[in-house]
Every structure is written in structure tokens, then in C-alpha cells.
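Dear colleague,

I am handing over the structure that follows, and below it I have set out what was found in it. Please read the notes with the coordinates open beside them.

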Amino acid sequence: GIAAIGPGRDAGRVYRFQHTEFVADLVGKIELAPAVYPEHAASAVRAVSPSGHPLWAVNPGGKPTSGIAFQGGLLFFGTSKSELAAYATNGHMAWRRRVDSIVVGTPAVSPDGTVYAASLRGTLYALNPRGRILWSYPTGDDVVFSPVVARSGRIYVASTRNLFAFEPGGQPAWIQKLSLP
């Protein structure tokens, strides 16, 4: 099942939602939007209301492979069809974009709505809010981590061997080799 805890000093259980299938990566702002989560075993993305009632479920054409990012009324996540998908909070598909392999890390979204997602094959993608690829950068390594957007706008992503920093326009700022024990 899923339980949501309210924010602030008066934190307490807001709702509990029982479901029999595997559920992971609950995402959502309880006070502002429904909670939305991927069901990896069921090839579905579901939304529940702040009171815990099911609102909608969609099959994005492949199993969800990442967590869900939320910005500007859209939900962004990767699928097993090597796609990055965007859905409105009412469950309607906004767009799907093919990438070179599955996305396993949760996409990151900058304040201007640019979506950053890294594929397992190691390509970092930047897409505008309508799903057009602005730029991509092949890191040469597998990426299983989520990209991060700093306040400065710089994007960071770690591969299995390196940590990369990118300027918002896609230019590498620096690359640091990771030393593993």
C-alpha cells in the first residue's frame, strides 16, 4: 500500500491507498496535486487524489523505468520502449520522444521547463517542454543516476566512471573521473 504524510508541524497520515501490485517512487505534492506513481510490474502510471481515491491510470506504451518528475503541469518519466514520456496531470499524453535506450534515473526539470534525462547507454538529453530535443551529449559510459539542475542552471550527471557538469546550452563545463574503492 501507499501512505502519504502531511507536511509541517501537524504531519500525520493524509491517506492510505492499498494496491496489490508492486508500487515504487511515489511522487507528488499532496496539497497541490494528486500523487502520481509508476507501477513497474503493471506497465501503468496511476494517480490518486489527496484523500487517496484513484483518479486515473494510463499505459504509456511500455513499463515505467524511472521515477516521475513534475513541472508546469506535466509529468515526465522514462519507459521500457526507450522513450521519455510527458503526461498532463489529468492523464492525457502530451508527448513521447524516442531516446537511444531506457531512462532509469528520474528526469530533472529546470525552472524554464527544460527536461533533462540520461539514458542507460549514457546520453544526456535536454528537451523543451513540448518534447523537442534541444541537445544531447554522449558520455561514453552507462548512466543509471538522475541528472540534477543547480540554481545556477548548470546540469550535473554521473556515469559509472565520471561526473559531468554541463552549461544549460549543452557545452560541457568539466568532467571529473570518479575513483572507486
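Leaving aside its neighbours within four places in sequence, Ser159 is in contact with Thr139, Asp141, Asp142, Val143, Phe145, Phe164 and Leu178. Please keep in mind that this is a predicted model. Ser159 sits in the loop between strand 15 (155-158) and strand 16 (162-166), and with a relative accessible area of 1% this serine is buried. A polar atom of the Ser159 side chain lies 3.2 Å from the backbone nitrogen of Arg161.

Arg161 also takes part in a salt bridge, in which its side chain meets that of Asp141 at 2.4 Å, N to O. Asp141 belongs to the loop between strand 13 and strand 14, whereas Arg161 belongs to the loop between strand 15 and strand 16, so the pair ties together parts that are 20 residues apart in sequence. The two partners differ in their surroundings, since Asp141 counts as buried at 4% relative accessibility, while Arg161 counts as partly exposed at 45%.

The structure holds three salt bridges. In another of them, Arg154 is joined to Glu167, with the closest N and O atoms 2.6 Å apart; Arg154 lies in the loop between strand 14 and strand 15 and Glu167 in the loop between strand 16 and strand 17, so this pair ties together parts that are 13 residues apart in sequence. Arg154 is partly exposed, with a relative accessible area of 23%, and Glu167 is likewise partly exposed, at 27%. There is also a salt bridge between Arg96 and Glu83, whose closest N and O atoms are 3.4 Å apart. That pair links distant parts of the chain, with Arg96 in strand 9 (residues 93-98) and Glu83 in strand 8, 13 residues apart. Here Arg96 is partly exposed, at a relative accessible area of 34%, but Glu83 is buried, at 15%.

As for the overall fold, the protein chain has zero helices and 17 strands. One open sheet consists of four strands in the order 14-15-16-17, paired antiparallel, and its edge strands are strand 14 (148-149) and strand 17 (172-177), each of which pairs on one side only. Strand 14 is joined to strand 15 by two bridges, and Val149 has Ile155 as its bridge partner in strand 15. Another open sheet of four strands, also with antiparallel pairing, has the order 10-11-12-13. Strand 10 (108-109) and strand 13 (133-138) stand at its edges, each with a single partner strand, so one side of each is left without a neighbour in the sheet. Two bridges join strand 10 to strand 11 (residues 115-118), and Ala108 has Tyr116 as its bridge partner there.

The largest nonpolar core has 13 residues, and those with the most contacts inside it are Phe76, Leu84, Trp95, Val109, Val115 and Leu127. Strand 7 (74-79), strand 8 (83-88), strand 11 and strand 12 (123-127) each supply at least two residues of this core. A second, separate core of 10 residues includes Tyr116, Ala126, Phe164 and Phe166. Phe164 is also among the contacts of Ser159.

For the chain as a whole, 46% of the 181 residues count as buried, and the exposed area is about 9300 Å², of which carbon and sulfur atoms supply 52%.

With best regards

How values were computed. Residues numbered from 1 in each chain as written. Predicted model: local features only at pLDDT ≥ 70, side-chain atom pairs only at ≥ 80, totals over all residues. Heavy atoms only, no water. Pairing = 2+ DSSP bridges. Buried < 20%, exposed > 50% of the residue type's maximum accessible area, 1.4 Å probe, protein only. Areas by Shrake-Rupley, 256 points an atom, 1.4 Å probe, with all protein chains shown as cover. Polar contact = N/O pair within 3.5 Å; in protein donor to acceptor, adjacent residues only side chain to side chain. Contact = heavy atoms within 4.5 Å. Core = buried A, V, L, I, M, F, W, Y, C linked by side-chain atoms within 4.5 Å. Salt bridge = Lys/Arg side-chain N within 4 Å of Asp/Glu carboxyl O.
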